[in-house]
Structure formats: C-alpha cells, structure tokens
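Student: I should like to work through this structure with you, one question at a time. May we begin with the ligand?

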Amino acid sequence: MSASSDLDTTAETPGDSGTPPPEKRASRKSSSLECYGSLYGSSPAMRELYEHIERVAATDATALIVGESGTGKELIARTIHERSARKDAPFVAVNCGAIPDNLIEAELFGHERGSFTGAVQGRAGYFEHANGGTLFLDEVTEMAPIRQVKLLRALETGTFFRVGGTDELQSDVRVIAATNRDPLVAVKENGLREDLMYRLAVFPLRAPPLREREGDRELLAQHFLDEMNAQENTSKVFSKRALDTLRTYSWPGNVREMKNAVYRAFILAEKTIEIEHPRLASRAKKAVTQGDAMSVWVGTPLADAQKQIILGTLKFCGGDKRRAAKALGVSLKTLYNRLGSYEDKEDTSASEE
Ligand SMILES: Nc1ncnc2c1ncn2[C@@H]1O[C@H](COP(=O)(O)OP(=O)(O)O)[C@@H](O)[C@H]1O
Ligand SMILES: [Mg+2]
C-alpha cells in the first residue's frame with residue numbers, strides 16, 4: 001500500500017468555507033436534524049460537542065478526539081478546521097495506523113534525497129503540506145513509541161528535520177489527533193507515551209457513540225436516505241419496521257455501520273426500504289425445526305416465538321388447521337385470526353410456512 005494514499009488534502013469549495021452558525025444551517029433541513037459544519041445531529045450529546053468545537057476552533061490548541069470507530073472523528077476534525085481561522089489553508093488527514101512503522105517519520109516530516117534506499121528524490125512530509133492549516137493524525141496511538149518522540153518534539157518546538165536532513169524546518173500547523181482507545185489505557189497497555197498523550201489532549205473531545213445520541217438515529221437515517229434519493233432521483237421510503245430497527249438497534253459500528261446499512265437496503269429496495277434488526281436476522285437464520293421438535297433462541301421476542309410455534313405446528317400437521325389448533329390448545333377461530341394477522345404483515349414469507 002502506498003503511504004501517500006493516506007494524504008488527503010481538502011480543496012475546499014468556496015461555499016463550504018464560511019460555515020454559518022448551526023441555527024442557520026439547521027433551517028436548510030425540513031426535519032429537526034441540526035447541521036453543524038460537516039456534522040449532523042440534534043441530540044443533547046451532539047449539541048454539547050458543537051459547543052466544545054466552537055470553543056476549540058477559535059484557538060490554536062491541539063485537540064485529541066476520543067471515540068469509537070464510526071462516530072465521526074474525522075468529521076469533527078474537519079469541522080474544527082472549517083470553523084477556525086485556518087479554514088482557507090489545507091486540511092491534511094493522515095491515518096497513522098495505516099502507515100508502516102519504518103515509513104511514518106518520512107511521511108510526517110519528509111525526507112532528503114538518498115536518505116534511505118529508494119529515496120531518489122527529496123520529498124516534503126505532511127507537516128510541510130499542512131503549513132498554515134490543520135494536520136489530522138488519526139489512530140495516533142498506533143505509532144511506535146520511538147516515533148512518538150519525534151512527533152512530541154515537533155509539537156513542542158514547532159520545528160523538525162526531514163529524514164536525512166540537516167536543516168531545521170518550521171511549519172505553522174495545528175494538530176488534531178484521534179483515537180478509538182481510551183488514552184489512559186493506551187498509555188498503560190498500548191505504548192502511547194504519557195507525555196505525548198498530555199501534549200495532544202490539551203483540549204480533549206469525546207465523539208459520542210450513536211446509542212447515546214437520543215433521537216438522532218432516525219433523523220440521521222432519514223438524512224442519508226434523502227441524500228440517496230436526491231442522488232438517484234428516486235423517492236424511496238423506510239417501512240415502519242425499518243424505522244423501528246433504526247431506532248432500537250444499538251449500532252455498535254455507529255454512524256458508519258448505520259449509513260452502510262441504509263445504503264445497502266436502499267439499493268435492494270424498489271420503493272419501500274426494509275432494514276431487518278441485525279440480531280433478529282441472525283437468530284431467524286439459526287431457528288431449527290427437527291421433526292416434531294423446534295428450538296427457539298433465547299431472547300426471541302414473544303410474538304416472534306409464538307409465530308414460529310404456530311407456523312411450525314401447522315407445518316407439522318400437514319396444513320390441517322383443525323389438528324394444529326387442537327395441538328396448540330386454541331380454538332380454530334383463534335388460529336385463523338393469528339394466521340390472518342401474519343398475512344397482513346408484509347414479513348410473512350412463504351419460507352416460514
Ligand atoms: N455526525 C455525523 N453526521 C453525518 N455523518 C456522519 C456523522 N458521524 C459520522 N458520519 C459518517 O460516518 C462515517 C464515519 O465517519 P468517520 O469520521 O470516518 O468516523 P471515525 O473516524 O470516527 O471512524 C463517514 O461516512 C461519515 O460521513
Ligand atoms: Mg476514522
């Protein structure tokens with residue numbers, strides 16, 4: 001993998017640079033979904049984050065964003081940049097975890113010609129590329145401790161050397177770092193240097209996981225759907241069940257997982273988008289019927305368990321409803337009512353019967 005593919009210099013579009021305050025951007029959306037810089041969300045957790053971003057963006061302080069994968073750490077970094085005085089200079093994002101250890105120093109600080117095998121030409125590093133702007137160091141805890149010393153020095157003095165170089169270089173860079181590990185645990189267990197951790201965490205920010213973002217799940221999902229509809233010139237809608245899933249599933253992969261689930265379901269749908277609860281989907285696949293025995297998974301919602309038992313018994317009775325009702329200890333009328341209600345629901349599939 002070429003390490004330079006991790007270089008991501010944003011060419012800001014003129015419309016993006018003067019980001020108006022959240023209230024103004026929010027009015028762009030018809031629902032109550034608020035938008036702040038590149039971030040969407042109206043939950044108290046996100047509002048608090050916007051306030052912190054607003055404060056840190058007005059300064060040049062180094063910030064450390066801590067949060068689970070997929071919570072939008074890179075978007076937070078971009079938003080700080082967009083709302084800072086550096087907004088017209090480059091935003092350079094580097095994934096430290098994706099660069100081989102022996103290359104990271106050259107990638108960050110550049111190298112001089114002949115400094116190592118294959119270095120046929122001198123090259124500037126990310127610190128030089130980001131001059132005047134913001135350098136985003138993602139997965140910073142993945143850097144080997146020996147490399148962290150050089151980074152700490154650059155942060156403290158604002159100066160550095162290219163690999164193999166003798167000239168001390170200077171770059172006016174604001175550093176924002178991110179990690180999905182608890183920084184204190186990373187210091188104890190993963191080789192993050194304590195001095196670097198404190199230097200980075202001058203202003204710590206927490207990216208809230210989606211399960212803590214009250215009310216944001218449906219609004220965000222609807223926002224992603226609106227975007228896809230606009231892009232594809234369609235008018236697809238979520239089914240009621242899909243909305244329930246979006247609202248009740250915990251989304252361990254956070255916004256990234258939910259966005260991908262919406263995207264996949266959007267592609268599969270003609271008009272109405274179905275998103276099955278991932279836990280139920282996996283259980284449903286594992287449901288086992290063997291002769292006259294059936295196993296129902298622990299945690300199956302009662303209504304689903306009842307449906308499985310009714311349909312399984314009917315199948316076992318060769319479709320004879322009178323016999324099935326007798327076996328289940330209910331009246332024939334009750335059985336008809338239940339079967340009728342399953343037919344009404346779009347999820348009654350032939351394979352279950
Ligand atoms: N608050 C948010 N509003 C809109 N999109 C978001 C938000 N948070 C995350 N995303 C989207 O989720 C995906 C993951 O975001 P990213 O910033 O890469 O997460 P992380 O760096 O924390 O793993 C991206 O596609 C991003 O656009
Ligand atoms: Mg990331």
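Student: By class, how many residues of the shell around ligand 1 are nonpolar, polar and charged?
Tutor: The model is a predicted one. The shell around ligand 1 comprises 15 residues. Sorted by class, they are five nonpolar, six polar and four charged.

Student: Which elements give two or more residues to the shell around ligand 1?
Tutor: Of the residues in the shell, Tyr40, Gly72, Lys73, Glu74 and Val255 come nearest to ligand 1. The elements that give two or more residues are β3 (39–40), α4 (73–82) and α12 (254–268).

Student: From which domains does the shell around ligand 1 draw at least three residues each?
Tutor: One of the contributing elements is α4 (73–82), and another is α12 (254–268). The shell draws at least three residues from each of domain 1 (3–208) and domain 2 (215–276).

Student: Is α4 mostly covered or uncovered, and how many of its residues are buried?
Tutor: The buried residues of α4 are Lys73, Ile76, Ala77, Arg78, Thr79, Ile80, His81 and Glu82. Lys73 is also among the residues that come nearest to ligand 1. The helix α4 is therefore mostly covered, since a residue counts as buried with 20 or more other C-beta atoms within 10 Å, and the buried residues number eight of 10.

Student: Why does the largest nonpolar core lie between two domains, and which are they?
Tutor: This core has 68 residues, and Ile65, Phe127, Leu135 and Phe136 have the most contacts inside it. Both domains give residues to the core, so it lies between domain 1 (3–208) and domain 2 (215–276).

Student: Leaving aside its neighbours within four places in sequence, with which residues is Phe136 in contact?
Tutor: Phe136 is among the residues with the most contacts inside the largest nonpolar core. Its contacts include Glu74 and Ala77, and Ala77 is one of the buried residues of α4. With near neighbours in sequence left aside, the full set is Glu74, Ala77, Phe91, Val92, Ala93, Val94 and Ile176.

Student: Why is Gly132 classed as it is, buried, exposed or partly exposed?
Tutor: Gly132 is found in the loop between α6 (126–129) and β6 (134–138). Because 13 other C-beta atoms lie within 10 Å of its own, Gly132 is partly exposed.

Student: What distance separates the C-alpha atoms of Gly132 and Arg86?
Tutor: Leaving aside its neighbours within four places in sequence, Gly132 is in contact with Arg86, Ala89 and Asp172. Gly132 and Arg86 are 46 residues apart along the chain, and their C-alpha atoms are separated by 6.5 Å.

How values were computed. Residues numbered from 1 in each chain as written. Chains lettered and ligands numbered in written order. Predicted model: local features only at pLDDT ≥ 70, side-chain atom pairs only at ≥ 80, totals over all residues. Helix = DSSP H or I, 4+ residues; strand = E, 2+ residues; numbered from the N terminus. Buried ≥ 20, exposed ≤ 12 C-beta atoms within 10 Å, placed from the backbone. Contact = placed C-beta atoms within 7 Å. Near = placed C-beta within 6 Å. Nonpolar A, V, L, I, M, F, W, Y, C, P; charged D, E, K, R; others polar. Domains from an automatic or database assignment. Core = buried A, V, L, I, M, F, W, Y, C linked by C-beta atoms within 7 Å.
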